[in-house]
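User: I'd like to go through this model and ask what stands behind each label. Could you take me through it?

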Amino acid sequence: MATTAAHAYSAPINTSGEWIVRRRIFNYLGWGLTALAFVLLGSAMVWILVMVFMRGAGSLNFSVITQVTQGIGGGLLNAIEGTVVLALGGILLAIPPGLATGIYLSEFDGGFFAPTIRFLSDVLVGVPSIVIGYFGYVTMVEYLGWKFSVAAGSISLAIIALPYICRTSEMAIRQVPRGLREAGYALGATEAKVITRICLPMALPTIMTGVLLALAISVGETAPLLYTAGWSNYLWNGHLTNEPIGYLTYAIWAFITEPFESAHGLAYAAAFLVTLFVLIINIVSRVVLERSVIWRGQRR
Amino acid sequence: MKFRIVAGVFASIVGGILIVIVLFLGIYAWPAMRFNGFHFLVHNSWSLGSLYGNPITVHGVEILPGARYDILFLIVGTLLSTLIAVSLAVPLGVGSAMFLAEGVPGPMRPWFSFFVELLAAIPSVVYGLWGYVVVIPFLGHYVFPFLAKWLGFIPIFSGPTGSGYGLLTAGLVLTLMIVPLITATLRDALVNQPVGTREGALALGASRFETLWNVLLPDTRSVLIGSSILATGRALGETMAVLMVSGNALNYLPSNIYTPISTMAAFIVSQLDSALQDPTGMAVRSLAEVALVLCLISIIVNSLARILIHYRGRQTVRTI
């Protein structure tokens, strides 16, 4: 039977008890399942955090942060120092091109060039970090002969951080109201002046959160460093090439598979430090972002 | 005007990196590609050959006698673990996104979502640690025997359950790692649906869940597809966590869902040390070919997602 419009309109509203019960079951079941999905994810998150913090807190002691690694024991001072050096190096290398690209994409959009760059940068985010690490190995460690080194590790991390910084700076600068720019131009400012004196200061909080998040990602990376930074039991001697350097994520991976209690302790301590750092950065940047959203909302 | 040029030069560096990566990996892997040919993708035999033998020349390339570098088992392992992860992550992601967008009371919403998004912030190697220390014993002792007992009538669930390392463990850990991508993107899309649509459905007598399920969710279909493809790309390339829980299988295909596997990304890490023992360097070049294949797959997957989102979604997708 063909359902005509008239037929559809004249159809009585189904108020039978059975239909109402079915709807009610559908509603409760639906909410129940969505809540279940959330609870599953949330409890996995809690499980991970509890494991890392319980075991990590148990293995943390003063010598972990004051001594260097000795075989399967000692401390993690060399790894902590290495993580700081590598991550800061990577970020510092990534900020200038990332920020400049963000400016370019937000201010000089259109045509063929900017969308292509944006597309390539978006795809670069998805390239597995081990591929970037292997690229670093082939080019810097082997071809340029830098060996496992701070330079090779930092540049690999910079490649990973770059698209994130570029994306957040673009978003941040785009949010600066058009009227402000026009006011700047009307006062006779050049393009460079408008961007550096008006857009960048306004976008700075958001850009900073992007940089912080990229720093968190760099601190947590392992795969790109394994074959570019290597590992070292000693403190960094200041050489950029030819000297391997330790880092915390390596300690997690390498020491947990050793059959020694002291090695496990170092792995848990390293996991504790890395996770704590990453969580703090994420929470701080989220708070800053929420604040800046509220702030913008009130100003408007 | 000068400013624009300087920024443009930097921008082309960022864009150029991807091209340079593919180019260098390609050039470096070229001798391996000549030696391996198409066998690379369809056979199961990764072997460095006789390390003490004298190198021989095949197809104009120097290799060790008996060396083969074929990686079908890696491709299968990568695809299957990703398949498990994505097929679990999509329902979980949709469910949690619906709950976070509409189910949680208003003021708590951002913090609840933030809690789930933190899953994406946990470093891969910490997932690996968690999997290695906690999940593998748990799954190996309790869950897998249970699954084999009750789902054993399905062929892939039957058979020896192993020790906990394997395909399903890798798939489960990957699921957790990619779910936040889907949840965050879909939640944003649901929250940003026009108020009118929502009010229209409510005015017609639909309940809040019916509105969400029948009206709001269907409109976010392309966002869901786009973010799922991005999540697929992430699962394909995940390294450390998979390395620590997959069992690092060599040269065999999984016979059931508990079998140890290895993925392309994990294999590069686990094999580079031994590949460096090969004096002809062909093993390292073959690993570069693995990296190149992985890179190209992820480029294809990500381009697909971006194009889809660009033309269909018109909503921003979070990369987190």
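User: What makes you say that α1(B) bends, and at which residue?

Analyst: Happy to explain! The bend at a residue is the angle between axes fitted to the seven residues ending there and the seven starting there. At A29(B) that angle is about 50°, and a proline, P31(B), follows within four residues. A note on the source: this is a predicted model, where local features need pLDDT of at least 70, side-chain atom pairs count only at pLDDT 80 or more, and totals for chains, interfaces and linings use all residues. Residues are numbered from 1 along each chain as its sequence is written, with chains lettered from A and ligands numbered from 1 in the order in which they are written.

User: Why is α1 of chain B called a helix, and what span is expected of it?

Analyst: A helix is a DSSP run of H or I with at least four residues, numbered from the N terminus. Helix α1 of chain B covers residues 2-36, 35 in total, so it qualifies. The expected span is 1.5 Å times one less than the number of residues; here that is 51 Å, and the first-to-last C-alpha distance of 49 Å is close to it. Just after α1(B), G37(B) takes a positive phi of about 60°.

User: How do you know which residues of chain B are in contact with chain A?

Analyst: Two residues are in contact if their C-beta atoms, placed from the backbone, lie within 7 Å. By that test, 68 residues of chain B are in contact with 70 residues of chain A. The largest share of chain B's side, 17 residues, comes from α1(B).

Notes. Helix = DSSP H or I, 4+ residues; strand = E, 2+ residues; numbered from the N terminus.
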